[in-house]
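Some labels in a structural description rest on cut-offs. The questions below ask what stands behind them.

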Amino acid sequence: MRIAIFTDIYAPWGDGGIASSVKAQKDELENKGHEVTVFCPGFDSREKNVVTVPSHKWLRVNGAVLSKRPGVVEKFVLEKFPEFGEFDVVHVHYEASCSLAGVRLARRFGVSLVQTMHGREDMAIAINVSHPWKTLVAKALCFMHSRYLPHTIRVKRDKFQAPTIARAKMWELMVNQAEAADVVLSPSEHFARKLEHYGVTKPVFAVSNGIPKSLVDEKFKKRKMVDGDVLKMIWNSRVSEEKRIMSFLQALTMLKRPYLVYIYGNGNMLKNAKKYAEKHNLKVKFFGAVKRPKIIARMSEAHLGIMASYNFDTQGMTLLEAEATGLPVFFCDPVMGEVVPQGSYVLAGGPEAAAMAITLENMPAEQVEEMSEVMLAHRKEVLQEVQIKKLIEAYKTAIKLRKA
C-alpha cells in the first residue's frame, strides 16, 4: 500500500507518545514493504520519506513546532505531490493544522481515511488553561476547527466526561474529527467507548501503539527487591500539569521508606518541579529530554515505573515501554489496568498525593519480583511488529468501506 501519514507531532520537532508511536508505525510498515510518507511540522527533515510542511519558526506548544494553517499546508502538499489521489490510505494522528490538511485532502481526492484519536483534549484544556479562560479558549478552538471541518455532531454538557461547557466543546471538536474518517482508531477500549458515547458512528477499533523491537531487543532481567532496599522509580513522561508531576512529588514528601526517582522529560512544570524537589530535599534526579535508548537502559535498573495522571491518558507509552522491558508499574487511574496485564502493576488508592504515598509505602518489596515476572511473560504483546497486523487490517477495512 501507499500510505500518507499526517501528524502535528513528530520527532525531533515534537516529543512524547504520539511522536514515538507514529515513528514506530512508519518504520514497521516500511519493514512490511509498504510505501509510507509522513507529513508533519518541522524544518528540513533528514529522515527518508518525511516531508516537513510550512511551519511557524517561533510558535511552540509544549516544545512542539506548529504548522501553518491547513490551506497553506494543502497547497504545499499538492505542489510536492500533485498525484496525491494515488495514495491508498491517509492516516491522520491529531486534530490540529497539519492533520486537518490531511483530512481535507483525503476527502477531496476520495482517498480512504483512517484517524487515530490519541488524547483527551478536553482534559488538556481543563488542566492547562486558567479558570476564567477555559470556556473562551475551548469555544475558540472548536470554532476554528469547524471552519476547516464542518461540525455535524453537537455535544452538550453531561455528568459523564463533559461536566463543563469547555469540556463539552472539546469533545465536540474530537468527535467531529473522528467522524470525518472511514475508520477510527483508539489506543484503548475505554477511550473508544467514550468516543462512541459522544456521537462517533464510524467504526472505532482499539489498536494499541507499539514499541519497536530494536529499542528493546535485549534480554531484560526480572527485577528483584528485598526489605530495606532503596525503591528505585522512573518517571518517563512529560513533566507537566496534566501528568500530575507535582502531586507525585508531594507524595514523595510523605514516604518513609528509602527511595530514588529518575525523572526524564520536559514540560511546563519542569522548573516548578525542580524547585519543589530542592526545597523538600527529595531524592529525585532530573535528566530532561533524552534519547529513548538511554531511558530504556535506565528502566532496566528500576523497580517501578511511575504514571501519576488521572482521567487524562488514553493509554500511555510509559506503560508499554515498561511492559516491553519487564518493569512493574504504578498508576492512579484504574482504566490503565486495561493497558498492562493483571498482576503487573500497583494501583494507587486514589489520585491524591496522600493516597499515592500510602500505596507506595505499603507495597511489599517481594511484590516487585512477582510483577516483573508477569510483565516479562507478556512483553512481546506490545511490540510494534505484533500491533502492525491490526493496523494493516484497519487500513484494509477503510479501503473496502470507501469502495463500497
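The turns below take the whole chain and then single residues.

Q: What kind of model is this, and how are residues numbered?
A: This is a predicted model, in which local features need pLDDT of at least 70, side-chain atom pairs count only at pLDDT 80 or more, and totals for chains, interfaces and linings use all residues. Residues are numbered from 1 along each chain as its sequence is written, and side-chain values use heavy atoms, with hydrogens and water left out.

Q: How many helices and strands are in the chain?
A: The chain has 14 helices and 15 strands. Helices are DSSP runs of H or I with at least four residues, strands are runs of E with at least two, and both are numbered from the N terminus.

Q: Why is the chain called as compact as a globular protein of that length?
A: The radius of gyration is taken over C-alpha atoms, and the globule rule is 2.2 Å times the number of residues to the power 0.38. For 404 residues the rule gives 22 Å, and the chain has 21 Å, which is close, so the chain is as compact as a globular protein of that length. The C-alpha trace spans about 65 × 50 × 40 Å along its principal axes.

Q: What share of the residues counts as buried?
A: Buried means under 20% relative accessible area, exposed means over 50%, and partly exposed lies in between (1.4 Å probe, protein chains only). By this measure 57% of the 404 residues are buried.

Q: What share of the contacts in the chain joins residues at least 24 apart?
A: A contact means heavy atoms within 4.5 Å. Among contacts between residues at least 6 apart in sequence, 69% join residues at least 24 apart.

Q: Why is aspartate 122 called buried?
A: Aspartate 122 has a relative accessible area of 0%, so it is buried. Its place is in helix H4 (residues 121-128).

Q: What makes the pairs of aspartate 122 with arginine 167 and tryptophan 171 polar contacts?
A: A polar contact is a pair of N or O atoms within 3.5 Å; within protein, one must be able to donate a hydrogen and the other to accept it, and residues adjacent in sequence count only if both atoms are side-chain atoms. The side chains of aspartate 122 and arginine 167 are joined at 3.3 Å, and those of aspartate 122 and tryptophan 171 at 3.0 Å. Not counting residues up to four places away in sequence, aspartate 122 touches Gln161, Arg167, Met170, Trp171 and Met174.

Q: Is glutamine 115 buried or exposed?
A: Glutamine 115 is buried, because its relative accessible area is 0%. Glutamine 115 is found in strand E7 (residues 112-116). A polar atom of its side chain lies 3.3 Å from the backbone oxygen of tyrosine 94. Residues that glutamine 115 touches include Val92, Val103, Gln177 and Leu185.

Q: How do you know that asparagine 236 is buried?
A: The relative accessible area of asparagine 236 is 7%, so the residue counts as buried. Asparagine 236 sits in the loop between strand E10 (231-235) and helix H8 (245-252). Its side chain makes a polar contact of 2.9 Å with the side chain of glutamate 321. Among the residues that asparagine 236 touches are Tyr264, Arg292 and Met299.

Q: What makes the phi values of arginine 244 and asparagine 311 worth a remark?
A: Most residues other than glycine have a negative phi. Phi of arginine 244 is near 65 degrees, a positive value, and phi of asparagine 311 is near 55 degrees, also positive. Arginine 244 is in the loop between E10 and H8, and asparagine 311 is in the loop between strand E13 (304-307) and helix H11 (317-325).

Q: Why is arginine 244 called buried, and why is asparagine 311 called partly exposed?
A: Arginine 244 has 16% relative accessibility and therefore counts as buried. Asparagine 311 has a relative accessible area of 23%, so it is partly exposed.

Q: Which labels do arginine 193 and lysine 80 receive?
A: Arginine 193 counts as partly exposed because its relative accessibility is 38%. Lysine 80, at 52%, therefore counts as exposed. Arginine 193 is in helix H7 (residues 189-197), and its side chain makes a polar contact of 2.8 Å with the side chain of glutamate 196. Lysine 80 is found in helix H2 (residues 70-80).
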